[in-house]
Every structure is written in C-alpha cells, then in structure tokens.
Amino acid sequence: MAPPQHDPRRPYKRPAISDQQRRRDSALQTQSARRADAQARARSLANSLLSPQPSSPAAADQPPPSLEARDERGHDPTVADVASAAAKLRGPDQRRWFARQIMLPEWMVDAPPHFARDWHVSARPAGKRCMVVSSNGITISRLRNGTILHRFPSALPNGSKKGLSGPASSYSILDCIFHEPDETYYIVDMICWRGYSLYDCTAEFRFFWVNSKLTETSAGDPPSAYHRYRFSVVPMYESTLDGLQTAYSGSTPYVKDGLLFYNRHAHYQAGITPLTLVWKDNTCSQYLLDTDSEGQVPTEQHVVLELQEDGKLVTSDDPPIAFGSLDNEFIQKSNLRPGNLLRFSVRDESVKLVDGKMEIGELQLAGKLNRSRTFADSHSKVLFQYAARHAPLRIEDLVASVQSNSMEIESTDIEMQG
C-alpha cells in the first residue's frame, strides 16, 4: 500500500466530487441539538424485536409513531405506543420499519478531512446484517427486513435460561453481521447493554463499552448447549496509517467486504448517516461493482429506485432524491404501484455532476425487484458505483488524505510551540 507521489510540501487534497462533507457537518450539529429519549427508544426496539404479533389488516396499514413525534393533542407517544404499533405491522410496512432501526453508512465518495483525528476504521465482515436482542432467556436475531434469522440460546445477558441475572426482562441489543462460514455473529456496534441505552453515546465510547462488556460474558466462547453461536467484536482502529494498513491488508478470521469508517463523535443514528462510511475496492471486497440478477457485472451501471405516488423515482435518502419519473399511462400498463422498487440501467453520457449531486438524464427500466429487497439505493451508493467505474476513490487516496492530515497536525503543533 505505497503512498502516491505528490509534493511533500503541500497537503494532499483530492478534488471533492460530492457534498458529503457538508452533510457530515450538518449531522454532527443535528445530533448535538436532538433531545431524544434514548432509553425509551431502546426499550421500544427491544420489545418489537422480541415479539411482533399479527394483527388485523387495518391496523397493519398504520405506520408506528416515532418517539420524537407528537400526536394531535401534543402528547409524546409512549414506549408502549411505539412497540404496539410496530408489532402490528406486516409485509412491506414491517420490513421498512425494521430496516430503519439500523444505522446505515453512506458510501465514501470523498475522503473526509481530519481522518486520523476524528475517524476509526475496521474491516467489514461479509455476511447478513442484523440486530440481535437477548432477554427473558432467549436470543433473537432479525435481518434488516424484520425476518427472524435465528432464535437461539446465547451467553449474552439473559440470552438463555441458564444463568439469568437481574430482571429477566433486562435486554441487550447488538448490531451484528452474521458470517455464515464460521457461524459467528461479528459485532459492529452496540445499542443497549443490560437495559442501558447507548444511542446517545459517541462511537468511541460504544466501541470501548462493547469490548469491555463482552469479556464479562462467555459469549465469545465456542458454541455449547446454552450458547448456539459465537459472538466476536470486529477490531476497530484509529484511521492512522498503521490503522488503515491493518484494516486493509491485515488478516481476519472472516471474509472481508470493504472497510467501515466511523466518526468517533457520532451517536447511534437509525437510518442512513454520513457519520459512518463504507468503502471498497477489488482488494478488500469481492463485490466492488453491483451485479445483475444473474450475478454478472452489467456493461452499464444499474440503479434501484422507488416509485412514488406522483410517479417520481427516488433514492432511499431522507429526504429522498429524485432521479426521474414515469408517466401514469406507463405505470398503469406495467401494473406498477407506489412503493415498488425498480431497477434501471444508466448510460454514461446521461450522467452529470452538479453541485456535488448526481443527475441522470435518461433511465431505462431493467426490471422489478423481488420483495426481499427493502430499500432503494442511496444517492451516495449510486455516486460511488459511478465513480468506481470511471474515477474510483483508491486506497492511495485514503493514505494520502491521512498523510495530509498528519502534516497539518504537525504544522499546527509547531506554530503553537513557536
């Protein structure tokens, strides 16, 4: 991983192609001003993960309130309100609600400034992203679409009938990736531990907490009668040259699928956030470019967009970004409905970058997706995939950004000493 050649007297700066840094700054300001009830959010999520119950179709049509929302009388919804409403969801509504509870990274299209000072990096395991909750003597893992992956006994707190400690209803929630080859849950984040919420704790604190608390259990031991799957913490490093080198080139017990970057000041935010980033190349991932339904890389880039009621085709961002639209006559003839996820091919000549955002002049419908897919692509993913085909952000660019950051820190230290 040799650094690129550039003038050593000048900090390296790759020209920005997106507005990702602006969103990072905004996200940090927003989380500081937010006054959410983190404990209530954790209880609500735990209740929903453990026991969603079927209900009438009419009730299933109503999305659950968020804990930050207020009803018509100005009252805040209770934990019971949110958990009960989430439990009544079925089909697409259930899949969407559960998918929104996980913190999802933006795709890194620009290397952030202050890499070594403000960011951590890890080698992301390949596998199934899921939430794991342990309570009442049972452990349940759910995929992003709400489907139960495993129901099993574990050595997590109150995760099996053996050795229950404290209130049986005390719960823990982990953000994991299940790596099937070694049947291990690799922990990428922690949301709650023994009923203590970590939503509003910084990433740096959460990483310390998960490492220290997991060693208090036998969850890292080989499987046994009361511990069906092993749990392991994904090593996290500072984004220095050594940390980046270790995450990128170092050996791991799991198959890598890119690198994950966390802003050390970031709270656990459900949904897509620019304060966590994913980056890939062909060395650290088998899946740099998206494939088609047959597992082949198409000659033209494909994007997945959601059809809205007004015919617009939008991304999964909040707020969503429109990349095009379909007219009503075509929608009716094709038997399409709002909420459908559609795959489109994109011609290179129809793409423009304007003020850090991608514009697509022409979309060609390539097909409708199956129900297992929950969300459309995000804007950052579409932009990352486009850049990966034409001007990828390389590991050399990341190394140069870290070096530039180190030079700036050294320069500042010299000025302060002088």
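## Overview

Helices (DSSP runs of H or I, at least four residues) and strands (DSSP runs of E, at least two) are numbered here from the N terminus. By that count, the protein has 11 helices and 19 strands. This is a predicted model: local features need pLDDT of at least 70, side-chain atom pairs count only at pLDDT 80 or more, and totals for chains, interfaces and linings use all residues. Residues are numbered from 1 along each chain as its sequence is written, and side-chain values use heavy atoms, with hydrogens and water left out.

Of the 418 residues, 50% count as buried, where buried means under 20% relative accessible area, exposed means over 50%, and partly exposed lies in between (1.4 Å probe, protein chains only). The protein exposes about 20400 Å², and carbon and sulfur atoms supply 48% of that area; accessible areas come from the Shrake-Rupley method with a 1.4 Å probe, and for residues only the protein chains shown count as cover. Among contacts (heavy atoms within 4.5 Å) with a separation of 6 or more, 71% are between residues 24 or more positions apart.

## Strand E7 and its partners

Strand E7 (184-193) is a good place to start looking around. E7 is mostly covered, with 10 of its 10 residues buried. Two strands pair if DSSP finds at least two bridges between them. E6 and E7 run antiparallel and are joined by 7 bridges; one bridge links Leu174 with Met190 in E7. These two strands form a hairpin with 4 residues between them, and Glu183 in the turn has a positive phi of about 50°.

E7 also pairs with E8 in the antiparallel sense, over 2 bridges, and Trp193 has Tyr196 in E8 as its bridge partner. The hairpin of E7 and E8 has 2 residues between the strands, and Arg194 there takes a positive phi near 50°. With E9 the sense is parallel, and 4 bridges join that strand to E7. Here Tyr185 stands opposite Phe231 in E9.

## Helix H7

How well does the length of helix H7 agree with what its residues should span? What we can say is that the 12 residues of H7 (residues 203-214) should span 16 Å at 1.5 Å a residue, and the end C-alpha atoms are 16 Å apart, which agrees. The expected span is 1.5 Å times one less than the number of residues.

The buried residues of H7 are Ala203, Arg206, Phe207, Trp209, Val210, Lys213 and Leu214. Seen down the helix axis, they fall within an arc of 165°, so they line one face of H7; the arc is that of the directions from the helix axis to the C-beta atoms. An α-helix has 3.6 residues a turn, so residues three or four places apart point the same way. The cover over the buried residues of H7 includes strands E1 (103-107), E2 (119-125), E7, E8 (196-197), E9 (230-233) and E11 (256-263).

## A five-stranded open sheet

Further along the chain, 5 strands form an open sheet in the order E15-E14-E13-E16-E19, with antiparallel pairing. Its edge strands are E15 and E19 (363-368), each of which pairs on one side only. Neighbouring strands of this sheet are turned by 40° against each other on average, direction ignored. Axes are lines fitted to C-alpha atoms, for helices over the stretch in contact, and angles run from 0 to 180 degrees between N-to-C directions.

Strand E13 (residues 301-307) and E16 pair in the antiparallel sense over 6 bridges, and Leu305 has Leu342 in E16 as its bridge partner. Helix H10 packs on the sheet, touching E13 and E15, and its direction makes about 170° with that of E13.

## Loops worth a look

Two asparagines have positive phi values. Asn158, with phi near 60°, sits in the loop between strand E5 (148-152) and strand E6 (172-179); at 3% relative accessibility, Asn158 counts as buried. Asn335, with phi near 55°, lies in the loop between helix H9 (328-333) and strand E16 (341-346). Asn335 is exposed, with a relative accessible area of 57%.

A cis peptide bond, with omega about 0°, joins Asp318 and Pro319. Pro319 is found in the loop between strand E14 (312-314) and strand E15 (322-325). Finally, Leu393 is in the loop between helix H10 (379-390) and helix H11 (395-417) and counts as buried at 7% relative accessibility. Leu393 and Met108 are 285 residues apart in sequence, yet 8.2 Å apart in space, C-alpha to C-alpha.
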